[in-house]
Amino acid sequence: MSSDPFRTLGLAPDLHLDRGELERRYVELSRASHPDHHALDADAARLSELLDRSAAINDAYRTLADRFRRAEALLELRAPGTLDAHKQLDPDFLLAAMELAERVATVGDAGRTALAAEVDALLDADFAAIAAALDAGDHGGAATRLHQSRYHRKARSDLRSGDSR
Amino acid sequence: MTHPADPDSSPRDATQKRADEPARGARVVLGIDLGTTNSLAAIVGRKGARVLRAADGAALVPSVVSFDNDGSLVVGSAAKARALDAPDRTVYSVKRLIGRSGAELRDEARRLAYPVVEGERGLARIRIDDRDWSPEEISARILMHVRDIAAGALGREVSDVVVTVPAYFDDAQRQATRHAAELAGLNCLRIVNEPTAASLAFGIDGTRDGTVLVYDLGGGTFDVSILRIADGVFRVLATAGDTHLGGDDFDALIARDLLEHLGHDAGDVVDPYVRQAIRKSAEGLKVQLSTADSAELSVDTGGAERRFSITRARFEELIAPLVERTIDCCRSALRDAGIATAELDAVVLVGGSTRIPLVRRSVVELTGQQPQEGVDPDLAVALGAAIQADVLTGGNRAVLLLDVVPLSLGIETMGGVVSKLILRNATIPTSVTEEFSTQVDNQTAVDINIYQGERERVADCRKLGAFRLRGIPPMPAGLPRIAVTFLVDADGVLRVRAREQRTGIEASIQVVPSFGLTTDEVNRMMRESIEHAIDDMHEREAIELRNKAQAMVRGTRAALDLADLPPDQTWTIRKAAQRVATLLAANGSTDALRAAVDELSKRTAQVADDVVGAAVRKALAAERPAALPPTEDAR
């Protein structure tokens, strides 16, 4: 099972990849392998292969379009297993993360925008730190920060789903 | 080369009038919009997508099947016409039942005029006399009827189709729709989501690139999809909806008001005749209220006449909560897509219920912009399905459709919690591989339950089915590594594959659906439908004859008005045409009609080379005989 999304999309493994290039590759490869474009000219085995290929392209795109998931993929590529090895997080961080989750759960409409901006700032800081760690070859540091960012990503998505209530 | 403005206006050129047809021998794939209230088919010809009409010019085929006392059945407008006379034998809105259990439909069934029972595995079945019909079989009849009309319009057989479903249909409802096509003897190349199809019809000309919201409110279902259209790529960003919200629900609210006015509770009405009459009246009032400020009707309550009137304000008050629910769906789809209303470049309204002023107003209020004109809410979905059919047959490689899965898919894990494997709004096809192991030593099988929905707990999601992973080699607990791949294909339908990693053994999987037909059931129904195929053939011949007869009557009359024939000849032909028309109206025996048609042919053949014959031939060949224009040539 190929799990290298960069390879699937034929892109150089790079945290700061060009979004336009990603979109172009994605559409180009989708056109070539989407089962819709081979409904009549391919046999069942070939169609099943195209289906798997299309699914892989879609999944790779979804990974690379998200900066944190892109960083995870890059880390897995450079130092396989590092993410799993650094799941243990600092208790102080976990305490702060729980407080943040509590604030997200109880925030009213009035404070929502401000809290969202606060979480966005945390995410930006996470990403900058992850990028720096990856640049410096500090894979363990990048892994820890990636795990931390998950709490902030969760907070952001919870805030979003509460937006229109 | 020069073309007349309308190729159909030249009766002499037999090849030109078919200029919009696909070339003989080319593969023809129909796009079919299988709707709650109406269905229709379209194809892509050389001039683009167009709807295929019956001989009488009608595009919309009522999605109604009515059973006669002798076991035969009629479909479409003939069935709809029987709704009041045979309410308990006339099946409508079957799309609301497909892929659902009897228990889920208990409230719904109370409103229907025909009997819905719980059949095998608790599935919804329609009981006519002593025979239980699955919603799939009823839908198959509708599909066959639409196919026949399309075949008549094209003058050739067709068996390849693309069928649309609401974007929010879950796996069970999609599978059931596929089965319906199979039972109809059709080869369904693709299931396409209705709002996505509508966006194809809207954006195919390449001048509408941008971000689009498609709001699709039909007779029984609601969908909203947010799409990005760019350079022929139609990418769905998010979709949301409710497969049990549509015009039927608005009718039911009016019906409740009407019954209350008459001093009844909606639950009281058990008589199917009364139920059907009330439903029809309510629907009529609703339609009037789209253009009038108030509507009324008089009800004959056994001698005494009672009047009931309803204002548009009252109607809006009744439906406001339902309309608000659609707007909530829009908000949630926009949020999932990460799109602000200000970023929308266009709003497209589809489905008959979008004619309701409150619906339009609510969408305008939400999006801050007027919906696009020029999109026919009744036809857009079928036209889009035809465009997708054209893509599938290689006619249009420029278009690429990237749709999404509407609801998350997961499996049951410890403690009744759903572990999500595929998240909603993931672009399809999409796949996830998960590893499982055994809990006890030498365990050789694992049961896996599949759920669809957004909630955390099994009890709050819909169980799609279960399968047993067999053939695991005996090993200590936890040692086998079984990789199960869940793949959602381009139809939005789940496929499951499994493999034991250490031994490489492919485990066999047969998913037993919770809400649909098993493979065995589909096969049995197929056999039954083959047994009925002979009857069906007669039925189809009868339909074709009627279509031909209608076209001949129209053509002959139109031609006689223009022709300068001797009075006695005019009179004989007119009489022969009148005989055909009378038999058509009486809906009598096929043989008598065939004789009358032959007689009319003979009469017109006598003046074969003059205008009458020419005009009749043209009428028969033209797509819409009703639109026969007087041309220079005819004079």
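**Note on chain B of a predicted model**

1. Strand β5 (residues 65-67) of chain B pairs with β7(B) in the antiparallel sense, over two bridges. The structure is a predicted model, and this pairing serves as the entry point to the note. Within the pairing, S66(B) stands opposite T90(B) of β7(B).

2. The two strands belong to an open sheet of three, with the order β6-β5-β7 (chain B) and antiparallel pairing. β6 (73-75) and β7 (90-91) of chain B each have a single partner strand and stand at the edges, so one side of each is left without a neighbour in the sheet. As general background, strands of a sheet pair through backbone hydrogen bonds, either parallel or antiparallel.

3. The largest nonpolar core holds 55 residues, of which L30(B), F67(B), V91(B), I126(B), I138(B), I142(B) and L143(B) touch the most other members. Helix α3 (residues 135-154) of chain B gives the largest share of this core, eleven residues. Neighbours within four places in sequence aside, V91(B) is in contact with S63(B), V64(B), V65(B), F67(B), Y114(B), I126(B), I128(B) and I138(B). Another core, of 46 residues, lies apart from it; among its members are Y215(B), L217(B), C329(B) and A333(B). In soluble globular proteins, nonpolar side chains tend to be buried together.

4. Some totals for the chain may help a new reader. Chain B contains 15 helices and 28 strands, and 55% of its 635 residues count as buried. Among contacts in chain B with a separation of 6 or more, 66% are between residues 24 or more positions apart. The chain exposes about 26900 Å², with carbon and sulfur atoms supplying 49% of that area.

5. Strand β23 (residues 446-452) of chain B deserves a separate comment. Five of its seven residues are buried, so the strand is largely enclosed by the rest of the structure. Strand β20 (residues 409-413) of chain B pairs with β23(B) in the antiparallel sense over three bridges, and Q452(B) in β23(B) is the bridge partner of L409(B). Strand β24 (residues 462-469) of chain B also runs antiparallel to β23(B), joined to it by seven bridges; here V446(B) stands opposite L469(B) of β24(B).

6. Helix α13 (residues 567-586) of chain B has the span expected of it: at 1.5 Å a residue, its 20 residues should cover 28 Å, and the end C-alpha atoms are 28 Å apart, which agrees. Its buried residues are T570(B), I573(B), A576(B), A577(B), V580(B), A581(B), L583(B) and L584(B). Seen down the axis of α13(B), these fall within an arc of 165°, so they line one face of the helix. The face turned away from the buried side carries the exposed residues P567(B), D568(B), W571(B), A585(B) and A586(B). Just after α13(B), N587(B) takes a positive phi of about 55°.

7. Finally, is Q369(B), placed in the loop between α9 (357-367) and α10 (380-392) of chain B, buried or exposed? Its relative accessible area is 19%, and a residue under 20% counts as buried, so Q369(B) is buried. Leaving aside neighbours within four places in sequence, Q369(B) is in contact with L344(B), D345(B), A346(B), V347(B) and V364(B). The C-alpha atoms of Q369(B) and T341(B) are separated by 9.2 Å, with the two residues 28 apart along the chain.

Notes
Residues numbered from 1 in each chain as written. Chains lettered and ligands numbered in written order. Predicted model: local features only at pLDDT ≥ 70, side-chain atom pairs only at ≥ 80, totals over all residues. Heavy atoms only, no water. Pairing = 2+ DSSP bridges. Helix = DSSP H or I, 4+ residues; strand = E, 2+ residues; numbered from the N terminus. Expected span 1.5 Å × (residues − 1). Buried < 20%, exposed > 50% of the residue type's maximum accessible area, 1.4 Å probe, protein only. Arc of directions from axis to C-beta. Core = buried A, V, L, I, M, F, W, Y, C linked by side-chain atoms within 4.5 Å. Contact = heavy atoms within 4.5 Å. Areas by Shrake-Rupley, 256 points an atom, 1.4 Å probe, with all protein chains shown as cover.
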